[in-house]
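This report concerns a single protein chain with a bound ligand. Please consult the sequence and the structure shown below while reading.

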Amino acid sequence: MATATRVPFVPLTSCSIHRGNHKYCVAKSLISLPQTLTSLPPLIQQQRTNLKNGRLRRLAVVSLSSATANLNRSTVLVTGAGGRTGQIVYKKLKERSDQYVGRGLARTEESKEKIGGSDDVFVGDIRDADSILPAIQGIDALIILTSAVPKMKPGFDPSKGGRPEFYFEEGAYPEQVDWIGQKNQIDAAKAAGVKQIVLVGSMGGTDLNNPLNNIGNGKILVWKRKAEQYLADSGIPYTIIRAGGLQDKEGGIRELLVGKDDELLKTEMRTIARADVAEVCIQALQFEEAKFKALDLSSKPEGTGTPTKDFKALFSQVTSRF
Ligand code: NAP
């Protein structure tokens, strides 16, 4: 009985279980869902083999039914789920549980705890390909929000003016995280038959001399761009979102702007709320117009323009494949 409670209950509508004919109900489900059965999780397969036991038979009906309901939803993994944008994506997926079965990948147990520590958050390091396989198994779509994060050198005193200096920890340079780590995710997703990948990168990558490349001598935009190219060449339907400067502001209240080749960096509209980036990541899963596309993303200032609601139209404006 304990295992059955882990399966989300979905009310049965047309099943004869309500009339007490459990056996007929199960048989009908099995016959009409041959494809389904091959992809059912082990718990349900096991219950299927136990159908001769009258008590378990009823559990199997409930479980099969909920698995059937899951089939209509897309299982989506967000990596970097403990990060600032990743957290928002994870929360949005959970809020839209009618459409998505949300999963997260966090680097550490501490990061996992930041987003509630639920069982659907896996712990793995993207630099270690094997460690991320369990999270990727069985997903339909992957949203990549991992990134190398520079650290500030100690001793900086803002009251004395000047600029802080940054560094990357040994083994956590952009080459290892933004290139090898993203490549590991793309390879694992391809092997697992993932149907779509959304990758968040950064504007500025067309200019080797962009100051972001100098941070910690990490050439972060170069390595991000290499991963983006790898994704575009992978054959998997993809959406590459190159965000402008990220802000921790409310989402959904600004007009979003899409561009290409860093043209938006030459304007005053170079920033975007993390919540808006998160929303665009999820909306990209909804529309064919978002697939095989790469876009720069920023927004108009709040109070100017019309807040973006039509994401199909937004993606339709994008013409670049890279
Ligand atoms: P963030 O908070 O810096 O999160 C990065 C995430 O990557 C963290 O959750 C981190 O895990 C995870 N991570 C790092 N190394 C990992 C590893 N080896 N294995 C697994 N996970 C690892 O991200 P953000 O600021 O929301 O940015 C989202 C994306 O937008 C990034 O790609 C960023 O470069 C890009 N972007 C940023 C800006 C900006 O203004 N900051 C502008 C444009 C684009 P932990 O939580 O455990 O540390």
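The sections that follow treat the sheet, its strands, selected buried residues and the ligand site.

**The sheet**

The model is predicted. Its open sheet comprises eight strands in the order 3-2-1-4-7-8-12-10, and the pairing is mixed. At the edges stand strand 3 (121-123) and strand 10 (256-259); each has a single partner strand, so one side of each lacks a neighbour in the sheet. From one strand to the next, the twist averages 25 degrees.

Several neighbouring pairs can be followed in detail. Strand 1 (residues 74-79) runs parallel to strand 2 (residues 100-106), and six bridges join the two. Strand 1 also pairs with strand 4 in the parallel sense, over four bridges. Strand 4 (residues 141-144) in turn pairs with strand 7 in the parallel sense, again over four bridges. Strand 7 is joined by six bridges to strand 8 (residues 238-243), and these two strands run parallel.

The table lists residues that stand opposite each other in these pairs.

| Residue | Opposite residue | Strand of the opposite residue |
|---|---|---|
| Val-76 | Gly-102 | strand 2 |
| Val-78 | Gly-104 | strand 2 |
| Val-76 | Ala-141 | strand 4 |
| Ala-141 | Gln-196 | strand 7 |
| Val-200 | Ile-241 | strand 8 |

Val-76 therefore appears with two partners, Gly-102 in strand 2 and Ala-141 in strand 4. Ala-141 likewise stands opposite Gln-196 in strand 7.**Strands 1 and 7 and their connections**

Strand 1 is mostly covered, with five of its six residues buried. Strand 1, helix 5 (residues 84-95) and strand 2 together form a β-α-β unit of right-handed sense. A right-handed β-α-β unit is also made by strand 7, helix 9 (residues 220-232) and strand 8.

How many residues of strand 7 are buried? Seven of the seven residues of strand 7 (residues 196-202) are buried, so the strand is largely enclosed by the rest of the structure. The cover extends to both faces: Gln-196, Val-198, Val-200 and Ser-202 are buried on one side, and Ile-197, Leu-199 and Gly-201 are buried on the other.

Gln-196 lies in strand 7. Its relative accessible area is 5%, below the 20% limit, so Gln-196 counts as buried. A polar atom of the Gln-196 side chain lies 2.8 Å from the backbone oxygen of Ala-284.

**Helix 10 and Gly-244**

Helix 10 (residues 274-283) is mostly covered, and ten of its ten residues are buried. Among the buried residues of helix 10 are Arg-274, Asp-276, Glu-279 and Gln-283, together with Ala-275, Val-277, Val-280, Cys-281 and Ile-282. An α-helix has 3.6 residues a turn, so residues three or four places apart point the same way.

Ala-278 also lies in helix 10. With a relative accessibility of 0%, Ala-278 counts as buried. The C-alpha atom of Ala-278 is separated by 9.6 Å from that of Ile-143, although the residues are 135 residues apart along the chain.

Is Gly-244 buried or exposed? Gly-244 has a relative accessible area of 8% and is buried. This glycine lies in the loop between strand 8 and strand 9 (245-247). Gly-244 and Leu-264 are 20 residues apart along the chain, and their C-alpha atoms are separated by 8.4 Å.

**The ligand site**

Which residues come nearest to the ligand? Of the 26 residues around the ligand, the nearest are Arg-84, Thr-85, Ser-111, Asp-125 and Arg-274. Arg-274 is also one of the buried residues of helix 10.

Polar contacts involve both backbone and side-chain atoms of the protein. A polar backbone atom of Arg-84 is 2.8 Å from an oxygen atom of the ligand. In the side chain of Ser-147, an N or O atom is 3.1 Å from an oxygen atom of the ligand. For Arg-127, the distance from an N or O atom of the side chain to a nitrogen atom of the ligand is 3.4 Å. Taken alone, the ligand exposes 920 Å², and the protein buries 85% of that area.

Note on methods
Residues numbered from 1 in each chain as written. Predicted model: local features only at pLDDT ≥ 70, side-chain atom pairs only at ≥ 80, totals over all residues. Heavy atoms only, no water. Buried < 20%, exposed > 50% of the residue type's maximum accessible area, 1.4 Å probe, protein only. Pairing = 2+ DSSP bridges. Right-handed = clockwise from strand over helix to strand, strands pointing away. Near = heavy atom within 4 Å. Polar contact = N/O pair within 3.5 Å; in protein donor to acceptor, adjacent residues only side chain to side chain. Areas by Shrake-Rupley, 256 points an atom, 1.4 Å probe, with all protein chains shown as cover. Axes fitted to C-alpha atoms, helices over the stretch in contact; angles between N-to-C directions.
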